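Reader: I have a structure to look at and some terms to learn. Can we go through it together, asking how each term is earned?

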Amino acid sequence: MYTTRTRKLLRQLAVEIHSASTKDAKIRQLLRQALDANIQQIRSEIVGAQQAGVLDPTVDSELLASAVMVFIMALMHMETLLPHLVGDPKWHDFVKSRVGTLMGLR
């Protein structure tokens, strides 16, 4: 969903929040809490998928959740990094398949 044009405002907000967190300790703390909660939510989904046999159970769920979060955060910066790919269906499909590979979908 982060590759689509409709999520531009969300991506811009993420960049602004990250910028503000470098200048304000309270914002930095709130961002850290939100990111930690997101990583734990992703981890929980990964563990469930591992238990269901969908994902490789030998992969460290905490590290995988962190890697997925890093991937998501990079997508949040698409307007800065690679704006020409925002909304590109080929890019969307590529990202989707790479995340699946990263997660070890069976």
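Reader: What phi does Gly104 take, just after α5?

Author: This is a predicted model. In it, Gly104 takes a positive phi of about 80°. Helix α2 is likewise followed by a glycine, Gly53, with a positive phi near 85°.

Reader: Why is α1 called oblique to α2?

Author: The axes of α1 (residues 8-21) and α2 (residues 25-51) cross at roughly 130°. Roughly perpendicular ends at 115, and roughly antiparallel needs over 145. The crossing angle fits neither, so α1 is oblique to α2.

Reader: Which residues make the contact?

Author: From α1 come Ile17, His18, Ala20 and Ser21. From α2 come Ile27, Arg28 and Leu31. They divide into four nonpolar, two polar and one charged.

Reader: What makes Asp88 a cap for α5?

Author: A side-chain oxygen of Asp88 lies 2.7 Å from the backbone nitrogen of Lys90. A polar contact needs N or O atoms within 3.5 Å, so this pair qualifies. Asp88 sits at the N-terminal end of α5. At the N-terminal end of α2, Asp24 is the cap, with its oxygen 2.9 Å from the backbone nitrogen of Lys26.

Reader: How do you know what span to expect for α5?

Author: α5 has 15 residues. At 1.5 Å a residue, 21 Å is expected, and α5 reaches 21 Å from its first C-alpha to its last.

Reader: Which residues of α5 are buried, and what covers them?

Author: Trp91, Val95, Gly100 and Met103 are buried, which means under 20% relative accessible area. Their cover includes α2, α3 and α4.

Definitions and conventions. Residues numbered from 1 in each chain as written. Predicted model: local features only at pLDDT ≥ 70, side-chain atom pairs only at ≥ 80, totals over all residues. Heavy atoms only, no water. Axes fitted to C-alpha atoms, helices over the stretch in contact; angles between N-to-C directions. Helix = DSSP H or I, 4+ residues; strand = E, 2+ residues; numbered from the N terminus. Parallel < 35°, antiparallel > 145°, perpendicular 65-115°, else oblique. Contact = heavy atoms within 4.5 Å. Nonpolar A, V, L, I, M, F, W, Y, C, P; charged D, E, K, R; others polar. Expected span 1.5 Å × (residues − 1). Buried < 20%, exposed > 50% of the residue type's maximum accessible area, 1.4 Å probe, protein only. Polar contact = N/O pair within 3.5 Å; in protein donor to acceptor, adjacent residues only side chain to side chain.
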